[in-house]
Amino acid sequence: MQFQKFLLTIGFLLISSTHAGAQSEIPTVGDTYIISRDDNRNFRGSHRIYNRQSDGLVEVEYCNRSYWVRYATVAWTQLEVENDYEVRVEFNWGKGWRPICDRPDQQVTLEGLGISDDPRVVIQNGGTALDKANRFAAIRDAFNAQRKEKATKSFHDE
């Protein structure tokens, strides 16, 4: 009788821990990608998305969770959907891929990020069209004489 109670208790603990794990937040360790699959659920391609900020990335939100992505990733997502492939956010938890967000193309678009370029152009430029424009503006401003403060006179100016 004691052994049966023991097995019952262990079974209850295993079931409750499995149920709690299924409802918990997305694990922080692992890789998160936007993955494209065809009609037979075969892998077509992917783009990594990140859980923290870095140079060249923009913050977006998929299924009420913040990520950082390249502009080219958003453009690629739009093109994959245009080609009738299924695209979703998936997480590799070490034992396979777990879908965590469907239809990311309906949640984040280039237009929503303030980019009016065609997605093909954004991908061809590596998603850096916006960054290049900002870099050139910064370089131009650095050489703009009107923005520079006057240097203090030295003995050579007298």
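Two strands pair if DSSP finds at least two bridges between them. In this predicted model, β5 and β6 meet that condition, pairing in the antiparallel sense over 5 bridges. One of the residues involved is E90, whose bridge partner in β6 is P99.

This pairing belongs to an open sheet of 4 strands, in the order β2-β1-β5-β6, with antiparallel pairing. The edges are taken by β2 and β6, each of which has a single partner strand, so one side of each is left without a neighbour in the sheet. On average, neighbouring strands of the sheet are turned by 35° against each other, direction ignored.

Strand β1 covers residues 31-37, and 5 of its 7 residues are buried, so the strand is largely enclosed by the rest of the structure. With β5 (residues 86-92), β1 pairs in the antiparallel sense over 7 bridges. In this pairing I35 stands opposite R88 of β5. With β2 (residues 43-49), β1 pairs over 6 bridges, again in the antiparallel sense. Here the bridge partner of I34 is H47 in β2. The strands β1 and β2 form a hairpin with 5 residues between them, and in this hairpin R41 takes a positive phi near 65°.

In a regular strand the side chains alternate between the two faces of the sheet. Against the sheet there is also a helix to place. Helix α2, residues 71-82, lies across β1, β2 and β5, and runs at about 155° to β2.

Residue I49 gives a view of the surroundings of β2, the strand in which I49 is placed. The relative accessibility of I49 is 2%, so I49 counts as buried. The residues touched by I49, leaving out those up to four places away in sequence, are T32, Y33, I34, Y62, Y67, W68, V69, T73 and V89. Of these contacts, W68 is 19 residues away from I49 in sequence, while the two C-alpha atoms are 6.0 Å apart in space.

The next topic is the aromatic rings. A pair of aromatic rings is described by the distance of the centres and the angle of the planes. A search of the whole structure finds 2 aromatic pairs. One of them is formed by Y33 and W97, with 5.6 Å from centre to centre and 80° between the planes, an edge-to-face arrangement. Y33 lies in β1 and W97 in β6 (residues 97-102), so this pair ties together parts that are 64 residues apart in sequence. W97 has 38% relative accessibility and therefore counts as partly exposed. Another aromatic pair, Y62 and Y67, is tilted, with 6.0 Å between the centres and 40° between the planes. Both Y62 and Y67 are buried, and both are among the residues that I49 touches.

A further ring takes part in an interaction with a charge. The charged end of R44 sits over the ring of Y85, at 3.8 Å from the ring centre.

Strand β6 is also tied to another part of the chain by a covalent link. The structure has 1 disulfide, as found by a search of the whole of it. The disulfide joins C63 to C101, with 2.0 Å from S to S. The angle about the S-S bond is 80°, and the link is right-handed. C63 lies in the loop between β3 (58-62) and β4 (65-69), and C101 lies in β6, so the pair ties together parts that are 38 residues apart in sequence. The two cysteines can be compared by burial. C63 has a relative accessible area of 38% and is partly exposed, whereas C101, with a relative accessible area of 4%, is buried.

The last element to consider is helix α3, residues 119-124, which contains R120. At 46% relative accessibility, R120 counts as partly exposed. Leaving out residues up to four places away in sequence, R120 touches L79 and E82. R120 and W76 are 44 residues apart in sequence, and their C-alpha atoms are 8.0 Å apart in space.

Key: Residues numbered from 1 in each chain as written. Predicted model: local features only at pLDDT ≥ 70, side-chain atom pairs only at ≥ 80, totals over all residues. Heavy atoms only, no water. Buried < 20%, exposed > 50% of the residue type's maximum accessible area, 1.4 Å probe, protein only. Helix = DSSP H or I, 4+ residues; strand = E, 2+ residues; numbered from the N terminus. Phe/Tyr/Trp six-rings, centres within 6.5 Å; stacked < 30°, edge-to-face > 60°. Lys NZ or Arg CZ within 6 Å of the ring centre and 35° of its normal. Axes fitted to C-alpha atoms, helices over the stretch in contact; angles between N-to-C directions. Contact = heavy atoms within 4.5 Å. Disulfide = S-S within 2.5 Å.
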